[in-house]
Amino acid sequence: MRTDAGTGKVIIVRVFVAGGSGVLGRRLVPQLVARGHQVTATTTGAVRLGLLQRLGAQGVVMDGLDAASVGEAVAQARPDVIVHQMTAISVAHAGKPDLKHPDRWFATTNRLRTEGTDHLLAAAQATGVPHVVAQGYASWNGIRRGGSVKTEEDPLDLLEGTAAQAGMEAMRHAEEAVLAYGGAVLRYGAFYGPGAIDDQVVLVRKRQYPLVGSAAGYSSWIHLDDAASATVLAVEQKAAGVFNIVDDEPAPASEWLPHLAACAGARPPRRVPVWLARLLAGDQAVIMMTEGRGFSNAKAKRELGWELRHPSWRQGFKEELA
């Protein structure tokens with residue numbers, strides 16, 4: 001719902017969540033419904049339509065890479081706002097995580113962030129949808145110069161010359177296209193919460209998630225429920241521009257990874273040299289662990305009035321893995 005500034009009247013918003021059955025979508029849809037919004041949420045297969053219905057949404061099967069499929073779904077829903085949460089990084093869609101070859105692992109997600117974004121914006125324009133909110137990313141990928149914590153004014157790192165460059169450029173395309181439409185880009189930190197870090201916890205417990213080199217690279221985290229609540233605010237306030245949706249405590253890997261291991265009941269992570277990590281896991285993993293830059297959430301708090309339920313990964317990991 002929105003409150004009209006002139007009359008004080010509550011306005012129910014028709015929200016179209018592209019990617020509603022994903023790890024964030026499953027936390028976002030119930031929050032939107034609880035606020036009184038009418039939600040249409042998409043999934044890639046009929047098997048998850050029942051899940052979306054249980055969450056309170058009207059479920060629709062849509063192929064984000066098919067312009068006709070996207071156009072038809074949006075036209076039928078006739079939403080007031082489109083929320084772009086389409087990715088394909090689950091094991092079912094992309095196979096096991098492959099940090100050494102993110103160009104392969106994220107191949108479909110990269111297309112969803114380029115072609116898929118274009119299809120959604122074309123459908124929005126054709127149907128007269130006035131507002132778009134899209135997923136971005138801000139965990140460790142701030143520009144690698146200057147301080148350890150970046151704002152929305154700082155550029156993201158494109159990791160030029162690495163296998164991750166294609167993915168970074170796909171995110172840049174999505175951001176630029178949505179901002180040109182007058183929409184909002186929410187740069188979420190690394191997700192944790194129900195279903196978000198299960199694969200990482202498995203590696204931590206097997207001591208297969210090591211600290212690399214100095215482990216001085218910073219990352220920012222965000223609980224799924226806090227990411228969802230920020231998204232609801234962006235929808236309701238017709239927000240425009242870029243917002244870092246991260247918790248209050250960006251931190252180096254040397255702090256958050258041992259803490260994650262302790263919360264998971266695992267032995268402390270091993271430490272490996274940079275050359276070995278680059279050989280085994282690739283450039284992206286090395287950069288994240290040794291040179292990563294985290295992000296500030298001050299703008300989202302100030303402009304959206306956003307309040308976190310999980311202000312730090314320190315307590316959040318404990319609660320998640322209790």
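Which residue in S9 is the bridge partner of Val-133? I began my notes with this question, and I found that the partner of Val-133 in S9 is Ala-184. I keep in mind throughout that I am reading a predicted model.

**Strand S9 and its neighbours**

I then looked up the pairing as a whole, and found that strand S7 (residues 131–137) runs parallel to S9 and is joined to it by 5 bridges. I also followed the pairing of S9 with strand S14 (residues 241–245), which is again in the parallel sense and again extends over 5 bridges. Here I noted that Leu-186 has Phe-243 as its bridge partner in S14.

I next asked myself how many residues of strand S9 are buried. I found that 5 of the 5 residues in the stretch 184–188 are buried, so I describe S9 as largely enclosed by the rest of the structure. I checked the two faces separately, and both are covered: Ala-184, Leu-186 and Tyr-188 are buried on one side, while Val-185 and Arg-187 are buried on the other.

**Phe-243, Lys-299 and Thr-151**

Coming back to Phe-243, I looked at what lies over the face of its ring, and found Lys-299 there, at 4.7 Å from the ring centre. From Lys-299 I went on to Thr-151, which is 148 residues away in sequence but 8.1 Å away in space, taken C-alpha to C-alpha. I placed Thr-151 in the loop that runs between strand S8 (149–150) and helix H7 (165–180). I recorded Thr-151 as partly exposed, since its relative accessible area is 33%, which falls between the limits of 20% for buried and 50% for exposed.

**Aromatic pairs**

I turned to the rings, and the count for the structure is 7 aromatic pairs. For Tyr-192 and Trp-221 I noted ring centres 6.3 Å apart and planes at 70 degrees, so I entered this pair as edge-to-face. Because Tyr-192 belongs to strand S10 (residues 190–192) and Trp-221 to strand S13 (residues 221–223), the pair ties together parts that are 29 residues apart in sequence. I looked up the accessibility of both partners, and Tyr-192 is buried at a relative accessible area of 0%, while Trp-221 is buried at 3%.

I then took up Trp-313 and Phe-317, whose ring centres are 5.8 Å apart and whose planes stand at 45 degrees, so that this pair is tilted. Both residues lie in helix H14 (residues 313–321), and because they are 4 residues apart, about one helical turn separates them. I found Trp-313 to be buried, with 0% relative accessibility, and I entered Phe-317 as buried with 0% as well.

Which residues do the ring pairs link into a cluster? I listed Tyr-192, Tyr-209, Trp-221, Trp-256, Trp-313 and Phe-317, so the cluster takes in both of the pairs I had just looked up.

**The cavity**

Last, I searched for enclosed space, and I found 1 cavity of 30 Å³ or more, with a volume of about 40 Å³ for the largest cavity. I wrote down its lining as His-84, Gln-85, Met-86, Thr-87, Arg-113 and Gln-135. When I sorted these lining residues by character, I obtained 1 nonpolar, 4 polar and 1 charged.

Definitions and conventions
Residues are numbered from 1 along each chain as its sequence is written. This is a predicted model: local features need pLDDT of at least 70, side-chain atom pairs count only at pLDDT 80 or more; totals for chains, interfaces and linings use all residues. Side-chain values use heavy atoms; hydrogens and water are left out. On a 1 Å grid over the protein atoms alone, a cavity is a set of points where a 1.4 Å probe fits but cannot get out, and a pocket is an open set with protein on both sides within 12 Å along at least five of seven lines; lining residues have an atom within 4 Å of a point. Grid points are joined across faces, edges and corners, and a volume is the space filled by probe spheres set on the points. Ala, Val, Leu, Ile, Met, Phe, Trp, Tyr, Cys and Pro count as nonpolar, Asp, Glu, Lys and Arg as charged, and the others, Gly among them, as polar. Buried means under 20% relative accessible area, exposed over 50%, partly exposed in between (1.4 Å probe, protein chains only). Two strands pair if DSSP finds at least two bridges between them. Rings of Phe, Tyr and Trp (its six-membered ring) pair if their centres lie within 6.5 Å; planes under 30 degrees apart count as stacked, over 60 as edge-to-face and the rest as tilted. A charge sits over a ring if NZ of Lys or CZ of Arg is within 6 Å of the ring centre and within 35 degrees of the ring normal.
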